[in-house]
Amino acid sequence: METISCKVKGMNCTSCALTVSKYLQHKGMQDVNVSFATEELSFTLPEGIDTNPNDILSGIDQLGYQVVLPNQPQPKAAFLRTLTFKFVFCAIFTAPLLLHMWVHWAWLHDPVVQLCLATPVFLTGMWHFGRSAIRSLVNGMANMDVLIALGAIAAYGYSLTGTILHLGPDYMFYETAAAIITLVFLGNLLEERSVKQTTTAITALAKMQVTTASRIEEHGDHEHIHVVDNQALRTGDKVLVNTGDMIPMDGTIYWGSGLINESMITGESTPLRKGEKDKGIGGTILEEGSIKMFITATGKDTVLSYIIDLVKQAQGNKPPMQKLADKISAIFVPLVLGIAVLTFLGWAIFGHITIGAAIMRSIAVLVIACPCAMGLATPAAVMVGLGRAAKNGILIKGAQTLEAFKDIKYVVLDKTGTLTTGKLQLGNYHYEGMTEKEFAQTVYSLEKFSSHPIARSLVSIWKKEGEVKLTQIREIKGRGMQAKDSAGNEWQLGSFEMAKHTTADDSHNLYLLKNGQLTGWIDLIDEVRPDAAEMVAMLQSRGITPVLLSGDTERKCRELAALTGIQEVYSSQTPEQKLQQIDRLMQTAPVAMVGDGINDAPALARATIGISLSDATHIAMQSANVILLNSKLSSLPLALGLGKHTFLTIQQNLFWAFLYNVIAIPFAAFGVLSPISGAGVMALSDIVLAANSVRLRYKRVI
């Protein structure tokens, strides 16, 4: 299935985004994600249907929006088309119209003067709201602009009729038509600016993608430095980075050293000392030193691009709670139109008031109703929550994950590389029937094909010893490595499970077997992560049960559990047994699993939320819903807290959106609110939601 991604310009509120989303769903598109705040659109073409994506995108243009494909230059909106200009232009004419309500200047009460003042505002409003309303009706998806346009047309048309027929001041409601349009423009402008505040974190990350680079070009024995745009860099290029410079793209240092600030990527404020063979992430800052790097990734292949894309995808996803709001929004406009008609008929027939007063009350119903509030409730909170998480080095892959965090009762933790650092030091070791060099070479030759933290440590320790030629090498998940040498001997290197038929001593980390017979063992010293005990205590204080689930021996697991404060321990677990334990716990309550190895991938995928560290294996990171970019376990309570408080913010927003409409519409129908005050209140409703969502950026969540 082909996925289409682009930008959509011209969406002025969340109702516009909902219109585009409903259009695509009506056309049979799948995985539709539309974000008003970021102007991002993505959808998947269904299989088995011969659909031209250009026709689909042209349909969006016909709705009144502008599709911008990734390779197209970003159009710069003319000032005359911006909400700012439209509001200011309309306000200039609306102000004297409203002034006549407080002063008694005769010329302000002249119907012709009022007509001249109201007409520019009305035409501007119809060009903006009217065209949008007509397009939405033609496509069978009435949006909020239908309500605004009908309200303004009713007030202007009623007043124009009174002016032409000289029916007197009871027919003069030009100020109502102008004020409705002006105040809604103001509301849309404030909503646009408020919602943009919810995307500041992702905007800050995106700005890091654009910088300059000092590219090194070699001519004989001489190096020449050329300053270029970082987008012009290609894999294999060499660059110079000096103190204060931003690293232009992902790369590997081949000369020099320095302190690199990776806080915008990982949330870790302390700069890291890096030197030759270390990796540098594009967008981070070299605070001290001078380095030269080989560029290893550019464009969409960089870590920063990967983070931004995942956050954007997650912001576009809708958690289950939003689906209810979308269903209500889909029938909202027809429902409000029906209430407005009933309001007019009720007051005109039974209310003993003038036709003009009845029209004003039905207009008030039209303009006070706000489906935008229901559409904005979830996306605004999700964007702030995901943005704050990303800024603190927590990459959450979906909005559904944020909602799932609130129910987590168990956090299952792997041992090596998760609760411990995985940076192992060589302890005691023993071998039989071979020299020490042969023992080291055999171990290195087996472990270099494994991605387990223990293997990585041994490889770095014994790499200098050389290697032996092995064939038929394979990794047995949860057990170890297996291979054959040129003489046909079968070698095995792994946990006690692999060697328990040869010895009862389970106190060692690794056992080496030759043709099924024990020939050596290795002890490694692994340090506990300094924030592990603090993290466990924080989870327990919030009623969450930490569980140690490891393939290591019971003795070592119990020792680690005692150091960290974990009470529930499951040791010597194979990948299959880990899955069974996850399934058993999930029958009781939702489970988060934290792991880093290839043997953790199945459990990560099965758990309610899979959490991986940034230095984990690639398959573990793919299987996880959450990645802790700074590899700090202390970030885990923050992730849980953000999930809980984001969900709370969504609940508050939806409560306000529903309560506002439930109260405001009857008030308007019974004449308590005038159309002008209704338009003002409607404009403020979205601001309340956006402000409540932005509060999530600063509030304490743990």
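Buried means under 20% relative accessible area, exposed means over 50%, and partly exposed is in between. Keep that in mind as you work through this predicted model.

**Exercise 1. Is Glu-467 buried, exposed or partly exposed, and what is its salt-bridge partner?**

*Step 1.* Start with accessibility: Glu-467 has a value of 46%. That lies between the two cut-offs, so Glu-467 counts as partly exposed.

*Step 2.* Now look for the partner. Glu-467 forms a salt bridge with Lys-448, and their closest N and O atoms are 2.4 Å apart.

*Step 3.* Place both residues on the chain. Glu-467 sits in the loop between helix H16 (453-462) and strand S15 (470-476), while Lys-448 sits in the loop between helix H15 (436-447) and H16, so the pair ties together parts that are 19 residues apart in sequence.

*Step 4.* Check the partner too: Lys-448, at 33% relative accessibility, is partly exposed.

**Exercise 2. Find the salt bridges of Glu-218 and Glu-288, and say which strands they link.**

*Step 1.* Recall the general idea: side chains of opposite charge can pair when their charged atoms come close. The cut-off to apply is a nitrogen of Lys or Arg within 4 Å of a carboxyl oxygen of Asp or Glu. By this rule the model has 15 salt bridges.

*Step 2.* Take Glu-218, whose side chain meets that of Lys-238 at 2.8 Å, N to O. Glu-218 belongs to strand S5 (residues 212-219) and Lys-238 to strand S7 (residues 238-242), so this salt bridge ties together parts 20 residues apart in sequence. Glu-218 is partly exposed, at 45%.

*Step 3.* Turn to Glu-288, which meets Arg-273 in a salt bridge of 3.7 Å, N to O. Here the link runs from strand S11 (residues 285-297), which holds Glu-288, to strand S9 (residues 272-274), which holds Arg-273; the two residues are 15 apart. Glu-288 is partly exposed as well, with a relative accessible area of 42%.

*Step 4.* Finish with a group: Arg-215, Glu-217 and Asp-237 are linked in a network of salt bridges.

**Exercise 3. Which strands pair with S19, and in what sense?**

*Step 1.* Locate S19 at residues 517-525; strand S14 (residues 425-431) pairs with S19 in the antiparallel sense over five bridges. In this pairing, Tyr-431 stands opposite Gly-520.

*Step 2.* Strand S18 (residues 510-514) also pairs with S19, again antiparallel and over five bridges. One matched pair to find is Tyr-511 with Trp-521 in S19.

*Step 3.* Look at the connection. S18 and S19 form a hairpin with two residues between them, and Asn-515 in the turn has a positive phi of about 55°.

**Exercise 4. Which residue of S3 stands opposite Ser-5, and which stands opposite Asn-33?**

*Step 1.* Begin with strand S1 (residues 3-9), which pairs with S3 in the antiparallel sense over five bridges. Within this pair, Ser-5 stands opposite Ser-42.

*Step 2.* Next comes strand S2 (residues 30-35), which pairs with S3 in the antiparallel sense over four bridges. Asn-33 stands opposite Ser-42 too.

*Step 3.* Now ask how S3 is covered. Four of the five residues of S3 (residues 40-44) are buried, so this strand is largely enclosed by the rest of the structure.

**Exercise 5. Where do Gln-472 and Ser-572 lie, and what is the sign of phi in each?**

*Step 1.* Here is the background: most residues other than glycine have a negative phi.

*Step 2.* Gln-472 is not a glycine, yet its phi is positive, at about 50°. Gln-472 is placed in strand S15 and counts as exposed, at 59% relative accessibility.

*Step 3.* Ser-572 has a positive phi as well, near 55°. Ser-572 lies in the loop between strand S21 (568-570) and helix H20 (575-586) and is partly exposed, at 27%.

**Exercise 6. Which residues form a positive surface patch, and where is Arg-542?**

*Step 1.* List the members: Lys-409, Arg-542, Lys-644 and Arg-700 form the patch.

*Step 2.* Follow the chain to Arg-542, in the loop between helix H18 (532-541) and strand S20 (545-549).

*Step 3.* Classify Arg-542: its relative accessible area is 41%, so Arg-542 is partly exposed.

Definitions and conventions
Residues are numbered from 1 along each chain as its sequence is written. This is a predicted model: local features need pLDDT of at least 70, side-chain atom pairs count only at pLDDT 80 or more; totals for chains, interfaces and linings use all residues. Side-chain values use heavy atoms; hydrogens and water are left out. Two strands pair if DSSP finds at least two bridges between them. Patches are made of residues with over 30% relative accessible area and no salt bridge: like charges are joined within 9 Å, nonpolar side chains (Val, Leu, Ile, Met, Phe, Trp, Tyr) within 5 Å. Accessible areas come from the Shrake-Rupley method with a 1.4 Å probe; for residues, only the protein chains shown count as cover. Lys and Arg count as positive and Asp and Glu as negative; His and the chain ends are not counted. The place of a charge is taken as NZ of Lys, CZ of Arg, CG of Asp or CD of Glu. Buried means under 20% relative accessible area, exposed over 50%, partly exposed in between (1.4 Å probe, protein chains only).
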